[in-house]
Amino acid sequence: MSEKIKTKTSTLALAALGVVYGDIGTSPLYTMKEVFNGAHHAVPITPEHILGVLSVIFWSLVIVVALKYVVFVMRADNRGEGGIMALMALVLRGIADKPYANGVMLLGLFGAALFYGDSVITPAISVLSAVEGLEIVTPAFKPYILPISLAVIVGLFVVQKHGTSRIGSLFGPIMVLWFITLGALGILSISQNLSVLSALNPSHAFHYFLIDPVLGFFSLGAAVLALTGGEALYADMGHFGRKPVQLAWFGLVLPALVLNYYGQGALLLKNPEAIVNPFYHLAPDWMLLPMVGLATLATIIASQAVISGTYSITRQAMQLGYSPRMEIQHTSHAEIGQIYLPVINWCLMIAVALLIIGFGSSSNLAAAYGIAVTGTMVITTLLSFIVVRKIWKWSLPFSLIVVGGFLAVDLLYFAANALKIHEGGWFPLLFGIAIFVLMTTWKKGRELLHVRISAEAISVDPFVKSLEHLDMVTIPGTAIFLTQDANVIPHALLHSLKHYKCLHERVIILTVETLDVPYVEHDQHIAIQTIDQRFYRMKVKYGFMDQPDLPKALELCHLQGMELDLMSTTFFLGRETLIPRIGSAMTSWRGKLFVTMFRNAGSAAAYFKLPPNRVVELGAQVVL
């Protein structure tokens with residue numbers, strides 16, 4: 001049995017390489033170049049600076065990625081799922097009755113919004129930096145770098161609708177080849193200058209900051225490029241499990257990254273002119289074109305991981321009530337996690353293409369990179385403090401020592417990147433703020449809409465009793481009315497009764513609840529309560545990673561003693577028309593924004609997979 005477990009863990013670790021580590025795995029393409037040859041605050045190429053920067057990068061990988069994310073934060077899983085939305089749900093479960101719960105929710109939402117900013121920059125800078133290797137082969141390729149990069153990006157987004165199941169099996173082996181190549185090139189260079197290994201000693205990092213504290217601080221804005229993708233380790237944990245992700249990191253990724261960075265350092269000690277593109281100068285001339293091809297494949301895989309992560313976090317936001325419903329297409333019959341959201345896909349493609357055209361090179365984009373990444377890192381650390389105190393029950397001194405240490409490093413990197421806002425960092429920050437405004441507006445608007453509808457609602461029990469004295473026409477079959485509140489009569493039921501002057505022989509008032517757990521057990525989806533011989537309350541529960549499918553869930557009714565024939569069942573939905581008004585609880589511009597989002601939200605019938613020929617929608621006007 002243990003051999004089977006080891007084999008399964010190794011297989012999952014290989015798969016994790018193709019999804020989890022693409023972003024951080026392609027960082028060697030541009031990190032050292034930006035530290036020593038960036039457009040802003042370039043570090044002089046001297047032996048003590050090279051060794052100092054290498055020491056900073058190594059110990060940052062150890063502290064931020066290995067210790068914080070791989071060892072510490074990955075323990076804070078929400079029943080196996082990771083990522084900032086899952087972490088936020090976990091934290092809110094532990095502090096639901098606390099007055100600061102709303103502030104924590106907003107903090108988590110802002111961290112999720114910053115992830116969108118990161119997801120726009122990652123494909124742009126990764127693909128650009130890979131294709132720029134063609135310029136090393138021959139300067140004649142320089143005019144074609146932007147067109148080729150745009151073609152790769154457009155092609156990447158166009159094929160999303162077909163899913164990654166067919167080529168996904170190649171991602172792992174390609175990334176294994178990529179990391180082995182990184183390590184091998186690093187070893188070849190290090191072997192020519194073994195003194196570079198002295199940078200493993202943290203004293204070089206301390207000395208680096210002592211000789212020029214200001215320059216050292218500014219250089220963190222470029223050194224953070226080595227850490228991008230750390231959040232993906234946590235976010236994608238649910239796909240593979242904690243142990244395979246950890247095995248891949250310590251077994252291959254970390255050694256390969258360190259060897260390559262130190263190989264680039266050894267090259268710069270020997271030939272400072274190689275700073276034009278130290279990554280590609282590690283390779284012999286005959287290997288340049290194959291390296292450009294392999295690097296482009298690796299960056300496509302890195303971009304794919306970020307795009308898939310964006311789909312996943314958007315679905316979580318929809319389930320938790322922070323985003324309007326959107327069309328979700330499943331691209332694999334075997335893997336539930338492989339989804340495609342057309343609206344998100346095309347918005348991302350346009351944003352990435354505009355970034356490539358607007359910034360023009362990976363060096364210019366590097367100035368924009370970092371603020372979103374470090375912002376999410378800080379928020380994750382702050383949320384983890386609540387986890388260790390409220391859920392793990394750590395003592396306050398121990399929590400402050402552990403989490404405070406991680407937070408100090410995160411804040412240092414965040415402060416250094418905040419200085420780059422005017423150089424391009426404004427873009428992911430502005431993008432993240434826009435997403436944050438959309439999510440909070442949707443959440444606030446839905447709450448206000450619920451209040452307005454509830455204010456005019458009739459309680460279920462008195463309404464049902466009043467019908468006992470009426471000679472109501474009964475028609476065969478079951479009517480299911482979807483509503484947010486099972487204690488009041490849905491508007492659709494009142495309108496149906498008003499227009500049709502009849503009731504079905506069985507009426508079910510159905511609510512859908514999304515819990516703060518990833519998945520709900522098969523037999524726990526349905527709960528049924530009898531009101532009288534005709535009326536029933538039904539609650540269908542989903543986790544925030546579950547895909548809602550009401551017809552499938554209703555097949556479980558027999559477990560609750562109810563036989564339900566879907567062919568004789570009609571689903572009634574309310575479709576509200578919103579009218580903004582002056583003096584509403586929402587400001588005028590947010591009210592108009594919510595109304596626009598509401599009008600363009602996806603259909604509830606499609607979202608819950610209701611059969612179109614069994615759905616009746618009844619409208620109502622609601623003044624906000």
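**Salt bridges and a positive patch**

Lys539 and Glu513 are joined by a salt bridge in which the closest N and O atoms stand 3.4 Å apart. This pair connects distant parts of the chain, since Lys539 belongs to strand E6 (residues 535–542) and Glu513 to strand E4 (residues 502–514), 26 residues apart. Lys539 has a relative accessible area of 35% and is therefore partly exposed, and Glu513, at 30% relative accessibility, also counts as partly exposed. The model in which these contacts are found is a predicted one, and a search of the whole structure gives six salt bridges.

Another of these contacts is the salt bridge between Arg242 and Asp77, whose closest N and O atoms are 3.3 Å apart. Here too the pair links distant parts of the chain: Arg242 is in helix H14 (residues 242–270), whereas Asp77 is in the loop between helix H4 (47–72) and helix H5 (84–94), 165 residues apart. Arg242 is partly exposed, because its relative accessible area is 33%, and Asp77, with 22% relative accessibility, counts as partly exposed as well.

A further salt bridge is formed by Glu132 with Lys33, with 3.4 Å between the closest N and O atoms. Glu132 lies in the loop between helix H6 (101–131) and helix H7 (133–137), while Lys33 lies in helix H3 (residues 31–37), so the pair ties together parts that are 99 residues apart in sequence. Both Glu132 and Lys33 are buried, which, by the cut-off used here, means that each has under 20% relative accessible area.

From these paired charges we can turn to a group of like charges on the surface, where Lys98, Arg389, Lys390 and Lys393 gather in a patch of positive charge. One member of the patch, Arg389, is found in helix H19, which runs over residues 371–391, and at 31% relative accessibility Arg389 counts as partly exposed. The helix around Arg389 is nevertheless mostly covered, as 16 of the 21 residues of H19 are buried.

How far apart are the end C-alpha atoms of H19? They are 30 Å apart, and this agrees with expectation, because 21 residues at 1.5 Å a residue should span 30 Å. Just after H19 comes Lys393, which takes a positive phi of about 60 degrees, and Lys393 is also one of the residues that make up the positive patch.

Technical notes: Residues numbered from 1 in each chain as written. Predicted model: local features only at pLDDT ≥ 70, side-chain atom pairs only at ≥ 80, totals over all residues. Heavy atoms only, no water. Patch = residues over 30% accessible without salt bridge, like charges linked within 9 Å, V, L, I, M, F, W, Y side chains within 5 Å. Areas by Shrake-Rupley, 256 points an atom, 1.4 Å probe, with all protein chains shown as cover. Salt bridge = Lys/Arg side-chain N within 4 Å of Asp/Glu carboxyl O. Lys, Arg positive; Asp, Glu negative; His and termini not counted. Charge placed at Lys NZ, Arg CZ, Asp CG, Glu CD. Helix = DSSP H or I, 4+ residues; strand = E, 2+ residues; numbered from the N terminus. Buried < 20%, exposed > 50% of the residue type's maximum accessible area, 1.4 Å probe, protein only. Expected span 1.5 Å × (residues − 1).
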